[in-house]
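The following exercises concern chain architecture, helix packing and an interface between chains. Each task is followed by a solution in steps.

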Amino acid sequence: MVLASILAPLGDAPGGLQMHAPDGFISVPLLVVLWVIDLAILAYAVRQTNRTMDERAIPLMGVMAAFIFAAQMFNFQVAGGTSGHLLGGVLAAALLGPWPATIVMTAVLAVQALIFQDGGILALGANLFNMAIVGTLGGYAIYRVLARLFGGENRARIPAAAIAAWASVLLGSGAMALELGISGTTDLAVALTAMLGVHTFIGIGEALITAAALGFIQLTRADLFKLRDARSRASV
Amino acid sequence: MNETIGKQPVSQSVEPPVEPQGAPPVEPSAQGARGLISRYWWVVGLLITVVVVIFAAAFASSDPDGLERVAEDKGFLDAAQGSSYEIIPGYTVPGIDGTVSTIIAGIIGVAIVFAVVFVLGRIMARRRAGRA
């Protein structure tokens, strides 16, 4: 009996704190394609980071990854018996730059899948694509455009990052919906409206946490932002 | 008059270590407590992260998240396949119950994620140095 109760949770379908796509949601052929794209972009991200990385940024990358892992554990309530949690891609990219941020997000998602059984191992191909690539790089592109529109990164860092963070959640969930539709798991239009609908609200949480974290860094250690600027200047 | 003059140096010497804000950029030459904080600021960062873990373990909503909600509503949650192995499933350490289990799981995760990225960064930096 005791043994049975210990083994009972094993093999159960998702329950408890589960946040990323499990195996079975996305078709295997699509996952193969996504894995190939992921690995190609990741290789490029490693090369870019390698070329421009300031050695002092290594612990900063580590702390950012650890913080995103921890913050993703905090599921905040949104309307209608639903919760959401941080993605963190725009937060990481605004502080570290887009390529180190992609590596940081990959490390977080890989550890979640391999050690915490959060998100399937094969499905990691989709989770990486949606969050480490589409959410992070797409969100960062929006961040750069907004920062320029608002009068420069130093002046408009926080509002630009907040809006881009909200958009990054929609981008990531939109990609997830497309994959669900292509896989035939559910109707594409149904998946898109449902995913974008829910994540419109979850994105507000993303915007608030991203703004708060960047605001905290700006107040306490604004010089950390210069670390990234110094690297990108050196790389030009 | 005498009192304020006498007290000022005391309060000044106490203040800097208490206040980590505005510490100078990472400078190996930085001295004293401020220097320690600016050199080992990442330890402060990790401590903040542990606070986030405790907060998350205590206050996180147990409602399904965005994707799980949609999967449930649209009837494809059953398509989910469980993992073929489990190490720390559901952010709870097997054999330990409740919030404490989630806190321990979170701290283990924070340590692993930090170590993975830190070691990766070191390897990359070393390879770059080797090429240069």
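Three exercises with worked solutions follow.

The model is predicted: local features need pLDDT of at least 70, side-chain atom pairs count only at pLDDT 80 or more, and totals for chains, interfaces and linings use all residues. Residues are numbered from 1 along each chain as its sequence is written, and chains are lettered from A and ligands numbered from 1 in the order in which they are written.

**Exercise 1.** Determine how many helices and strands chain A has, and in which order they run.

Step 1. Helices (H or I, at least four residues) and strands (E, at least two) are DSSP runs, numbered from the N terminus. Chain A has nine helices and two strands.

Step 2. Read from the N terminus, the order of elements in chain A is α-α-α-β-β-α-α-α-α-α-α.

Step 3. Of the 236 residues in chain A, 57% are buried (20 or more other C-beta atoms within 10 Å of the residue's own, with C-beta atoms placed from the backbone).

**Exercise 2.** Describe how α3(A) is oriented against α5(A) and against α4(A).

Step 1. Two packed helices are described by the angle between their axes and the distance between the axes. Axes are lines fitted to C-alpha atoms, for helices over the stretch in contact, and angles run from 0 to 180 degrees between N-to-C directions.

Step 2. The α3(A) and α5(A) axes come within 9 Å and cross at roughly 45°; these helices are therefore oblique to each other (oblique covers angles that are not under 35, over 145 or 65 to 115 degrees). Their contact involves A:Met61 and A:Phe69 of α3(A), among others, and residues of α5(A) including A:Val104 and A:Val108.

Step 3. For α3(A) and α4(A) (residues 89–96), the axes come within 11 Å and cross at roughly 165°. This pair is therefore roughly antiparallel (over 145 degrees). On the α4(A) side, the contact is made by A:Ala92, A:Leu95 and A:Leu96. It has eight nonpolar, no polar and no charged residues (Ala, Val, Leu, Ile, Met, Phe, Trp, Tyr, Cys and Pro count as nonpolar, Asp, Glu, Lys and Arg as charged, and the others, Gly among them, as polar).

**Exercise 3.** Characterise the side of chain A that touches chain B.

Step 1. In this pairing, 66 residues of chain A are in contact with 54 residues of chain B (contact: C-beta atoms, placed from the backbone, within 7 Å).

Step 2. α3(A) gives the most to this side of chain A, with twelve residues.

Step 3. By class, this side of chain A comprises 38 nonpolar, 22 polar and six charged residues.

Methods: Two residues are in contact if their C-beta atoms, placed from the backbone, lie within 7 Å. A residue is buried if 20 or more other C-beta atoms lie within 10 Å of its own, exposed if 12 or fewer, and partly exposed in between; C-beta atoms are placed from the backbone.
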